[in-house]
Amino acid sequence: MKAINAKDIERLNQILQASSRTVIVTHMKPDGDAAGSTTAMYHFLKAHCKCDVRIVLNDRFQRAIEFLVDETTARDMTIYSENQTEAEGQIAAADTIICLDFNAFHRTDKLCGLLDASPAVKVLIDHHLYPELDKFSLAFSETEISSACELLYQILMAMPQIQHDAARLPKPAAMSLMTGMTTDTNNFANSVYPSTLAMASSLLAAGVDRDYILSCLYNQHSESRLRLMGHMMKDLLTITEDGAAYMILDKETQHKYNVQEGDTEGFVNMPLSIAEVRMSLLLKEDTDRIRVSIRSKKGTSANRCARMFFNGGGHENAAGGKLELPFHEVEEYTRKHVHIYLTEHED
């Protein structure tokens with residue numbers, strides 16, 4: 001990653017110290033990186049700034065990452081889907097808005113119009129491609145990095161309150177940063193840079209309990225999730241001659257296995273363990289769309305495929321998108337367009 005600009009750090013500190021009411025937001029259906037960066041920023045601001053701090057989310061955190069929300073954080077958190085009026089009021093009252101782990105306001109779903117209309121100073125901290133930089137007063141945008149949490153870690157370490165000493169980070173912030181980085185690298189399986197390992201080492205030395213984090217993330221699932229995993233790998237997994245693997249999960253199956261938000265996290269990575277598979281897709285029926293997750297091996301671009309055929313994008317080997325098709329057309333569309341992509345658009 002490129003070095004953090006010292007003038008940008010100085011400006012960020014000035015913005016935060018001058019703020020009287022700061023709101024932190026992240027993308028819809030927040031994953032571990034979104035939750036980790038959001039709560040880490042919250043704890044830093046609570047410890048080192050005088051402003052009133054609130055978190056406003058479109059949706060609640062996934063069950064596996066709720067351990068990052070303590071009583072104080074929960075008290076200062078508003079969920080738009082549960083309390084629209086309060087969420088609108090929090091954003092309207094903000095003089096500073098910190099935007100974490102998304103590159104454009106539409107990624108926040110129902111918060112999009114509120115953020116776009118707000119006259120507040122807006123700061124972006126994100127690692128995705130194609131950020132809408134004109135929407136922000138100050139932007140920290142870096143794609144050659146593991147996660148938003150790693151980028152935020154680098155920023156906080158450069159702040160005058162921390163002085164490049166991870167031990168100075170509030171302990172809950174340090175745990176949140178380690179958690180988000182762990183989930184976005186799939187526990188150090190992808191998007192790992194030298195800076196990523198240096199961050200992990202520094203946080204461990206500062207006292208972060210990684211064993212506790214791993215236990216919360218990976219050893220607290222429901223029995224129904226494990227049984228769903230078995231069903232999907234045995235009965236729903238299709239592997240094509242082109243080296244693509246895909247699974248399509250309908251609402252009926254989700255209901256049968258009592259699928260909660262986040263329960264299918266990581267499933268899309270599993271087919272990549274097969275030698276012949278170059279790309280893996282998980283398509284999940286939602287209320288008004290088909291949500292698409294795409295993962296790929298090095299040399300095959302998940303991002304390009306998502307942008308071309310699935311109305312999305314992301315990172316080179318980890319991307320997402322959506323389809324707005326009748327469910328019965330999803331498999332034919334997927335098979336056809338993945339075939340086109342792998343045979344005509346990939347070397």
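# Helices, loops and a pocket: a chat

Reader: How far apart should the ends of α7 be at 1.5 Å a residue, and what does the model give?

Author: Keep in mind that this model is predicted. Helix α7 has 14 residues, so at 1.5 Å a residue it should span 20 Å. Its end C-alpha atoms agree with that, being apart by 20 Å.

Reader: Which residues of α7 are buried, and what do they pack against?

Author: There's a whole run of them: Ala173, Ala174, Ser176, Leu177, Met178, Thr179, Gly180, Met181 and Thr182 are buried. For their packing partners, look at four helices: α2 (32-48), α6, α8 and α9 (210-218).

Reader: Let me zoom in on Leu177. Is it buried or exposed?

Author: Leu177 is part of helix α7. Buried means under 20% relative accessible area. Leu177 comes in at 0% relative accessibility, so it counts as buried.

Reader: What does Leu177 contact, leaving aside its neighbours within four places in sequence, and how far is it in space from Ala40?

Author: Its contacts are Gly36, Ala40, Cys149, Leu152, Tyr153, Leu156, Leu169, Met199 and Leu203. Ala40 is on that list, though 137 residues separate it from Leu177 in sequence. In space, C-alpha to C-alpha, the two are apart by 6.1 Å.

Reader: What comes after α7, and what is the sign of its phi?

Author: Asn186 follows α7. You'll find Asn186 in the loop between α7 (171-184) and α8 (194-205). Its phi is near 55°, in a residue other than glycine, and the sign is positive.

Reader: Which other residue in the loop between α7 and α8 has a positive phi?

Author: Look at the loop between α7 and α8 again, where Phe188 has its place. It isn't a glycine, yet its phi is positive, about 70°. The residue you want is Phe188.

Reader: How accessible are Asn186 and Phe188?

Author: Partly exposed is the class between the 20% and 50% cut-offs. Asn186 has a relative accessible area of 30%, so it is partly exposed. Phe188 has 25%, so it too is partly exposed.

Reader: On to α8. How far apart are its end C-alpha atoms?

Author: Helix α8 has 12 residues, so at 1.5 Å a residue it should span 16 Å. The model agrees with this, and the end C-alpha atoms are apart by 17 Å.

Reader: Where on α8 do its buried residues sit?

Author: The buried ones are Ser195, Thr196, Met199, Ala200 and Leu203. Seen down the axis, they fall within an arc of 140°, so they line one face of the helix.

Reader: What covers that buried set, and which residues of α8 are exposed on the other side?

Author: The cover includes α6 (148-158) and α7. On the other side of α8, the exposed residues are Pro194 and Ala205.

Reader: Which residue just after α8 has a positive phi?

Author: Go just past the end of α8 and you'll meet a phi of about 105°. The residue that takes this positive value is Gly207.

Reader: Now the loop between β2 and α3. Is Ile65 buried or exposed there?

Author: Ile65 lies in that loop. Its relative accessible area is 3%, and the cut-off for buried is under 20%. So Ile65 is buried.

Reader: What does Ile65 touch, not counting residues up to four places away in sequence?

Author: Ile65 and Ile213 are 148 residues apart in sequence and 9.2 Å apart in space, C-alpha to C-alpha. As for touching, the residues are Pro30, Asp31, Gly32, Ala35 and Leu217.

Reader: And Gln62, what does it touch, with the same residues left out?

Author: Gln62 sits in the loop between β2 (52-57) and α3 (71-75). At 7% relative accessibility it counts as buried. It touches Lys29, Pro30, Asp31, Glu261, Gly262 and Glu265.

Reader: What is the volume of the second largest pocket, and which residues lie nearest its centre?

Author: Its volume is about 200 Å³. The lining has two nonpolar, three polar and eight charged residues. Of the 13 lining residues, those nearest the centre are Met28, Lys29, Asp109, Asp288 and Arg289.

Technical notes:
Residues numbered from 1 in each chain as written. Predicted model: local features only at pLDDT ≥ 70, side-chain atom pairs only at ≥ 80, totals over all residues. Heavy atoms only, no water. 1 Å grid on protein atoms, 1.4 Å probe; cavity = no way out; pocket = protein on both sides within 12 Å on 5 of 7 lines; lining within 4 Å. Points joined across faces, edges and corners; volume = space filled by probe spheres on them. Nonpolar A, V, L, I, M, F, W, Y, C, P; charged D, E, K, R; others polar. Helix = DSSP H or I, 4+ residues; strand = E, 2+ residues; numbered from the N terminus. Buried < 20%, exposed > 50% of the residue type's maximum accessible area, 1.4 Å probe, protein only. Expected span 1.5 Å × (residues − 1). Arc of directions from axis to C-beta. Contact = heavy atoms within 4.5 Å.
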